[in-house]
Each structure stands twice: as C-alpha cells, then as structure tokens.
Amino acid sequence: MAENDPQLLKGVLTMVLLKVLAEAEGYGYAVVVRLHELGFAGLAEGTVYPALTRLERQGFLAARLERSSSGPARKYYRTTPQGLDELARSRRSWEELVSAVGQVLAEPAPGDERDMAKAKEA
C-alpha cells in the first residue's frame, strides 16, 4: 500500500480520531495500532499523541487514567457529545470535498488518454 500523504492526513486526522474513538474508547498506542489496521500504515505515534491531547483540550475527547499491570497508567480516550457534533460537521465537510474533487477527476487529464492507449497496446 502506498504511503499516505502527510498533508492530506493532517487534514483528516481529527475526523478519523473522533470516529475511531466514538466506536470504542482507547489509549494512545492502541489507537495507533487500530489506525494502522485501517490503512494508515505510515501514521506515527508522534503524530497521534499530540492530536489526542489537542482534541481533549478542545473538549472533543474525554480521558480517564487506568492502572496497567505492565507499566504506567494508561490514558483512555472517548469522544464526547461535543466531539460527536464536530465529527458530524467534519464528515459533511469531507463529503462535500470528496464530491468536488471527484467532479474534477472524473474527466481524464490529457496525459491519461496516452497512458490508456499504451496500456491497450501492451
């Protein structure tokens, strides 16, 4: 699978984190693992942890500490009602953006026709 474009990922990380944590609460590393399973293979812990802190500070996530038998306490996050509202807003915005980009990409670019002709010849 191709590496995710960091700039594209930055634009959707909030929405993705809110959605994943609305489905089930989780602690930082488990969230990273879950995102890797969902196709965000290049996503680093150093990107997720600050985002979780920021979303908690904004009131979109609530957190609780739970003792761990294998080390320090883990901070578990879950999406708040305010976070669910933000998720709905960002999802609408995302769907509008995907639709607009889809319209632009629906028409082949000049180079696309040459590439298709080469593929047919092969």
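How many bridges join β2 to β3, and in which direction do these two strands run relative to each other?

1. The model discussed here is predicted. In it, β2 and β3 run antiparallel and are joined by 7 bridges, which answers the opening question. At one place along this pairing, Leu65 stands opposite Lys75 in β3, and Lys75 will return below in connection with a salt bridge.

2. The pairing just described belongs to an open sheet of 3 strands, whose order is β1-β3-β2 and whose pairing is antiparallel. Because β1 and β2 stand at the edges and each has a single partner strand, one side of each is left without a neighbour in the sheet. For a reader new to sheets, it may help to recall that strands pair through backbone hydrogen bonds, either parallel or antiparallel.

3. Turning to the charged side chains, the count comes to 7 salt bridges, and three of these are taken up here, beginning with the one between Glu25 and Arg64, in which the closest N and O atoms are 2.4 Å apart. Glu25 lies in the loop between α1 (6–23) and β1 (26–27), whereas Arg64 lies in strand β2 (residues 61–68), so the pair ties together parts that are 39 residues apart in sequence. Glu25 is partly exposed, with a relative accessible area of 34%, and Arg64 is partly exposed at 33%. These residues also take part in a network of salt bridges that links Glu25, Arg64 and Glu66.

4. A second link connects Lys75 with Glu56, where the closest N and O atoms are 3.0 Å apart. Since Lys75 lies in strand β3 (residues 71–79) and Glu56 in helix α3 (residues 45–57), this salt bridge ties together parts that are 19 residues apart in sequence. With a relative accessibility of 33%, Lys75 counts as partly exposed, and Glu56, with a relative accessible area of 27%, is partly exposed as well.

5. The third example stays inside one helix: Glu37 forms a salt bridge with Arg34, and the closest N and O atoms are 3.7 Å apart. Both residues lie in helix α2 (residues 28–37), 3 residues apart, which is about one turn of the helix. Is Glu37 buried or exposed? At 59% relative accessibility, Glu37 counts as exposed, because the cut-off for that class is over 50%, whereas Arg34, at 34%, counts as partly exposed.

Methods. Residues are numbered from 1 along each chain as its sequence is written. This is a predicted model: local features need pLDDT of at least 70, side-chain atom pairs count only at pLDDT 80 or more; totals for chains, interfaces and linings use all residues. Side-chain values use heavy atoms; hydrogens and water are left out. A salt bridge is a side-chain nitrogen of Lys or Arg within 4 Å of a carboxyl oxygen of Asp or Glu. Helices (H or I, at least four residues) and strands (E, at least two) are DSSP runs, numbered from the N terminus. Buried means under 20% relative accessible area, exposed over 50%, partly exposed in between (1.4 Å probe, protein chains only). Two strands pair if DSSP finds at least two bridges between them.
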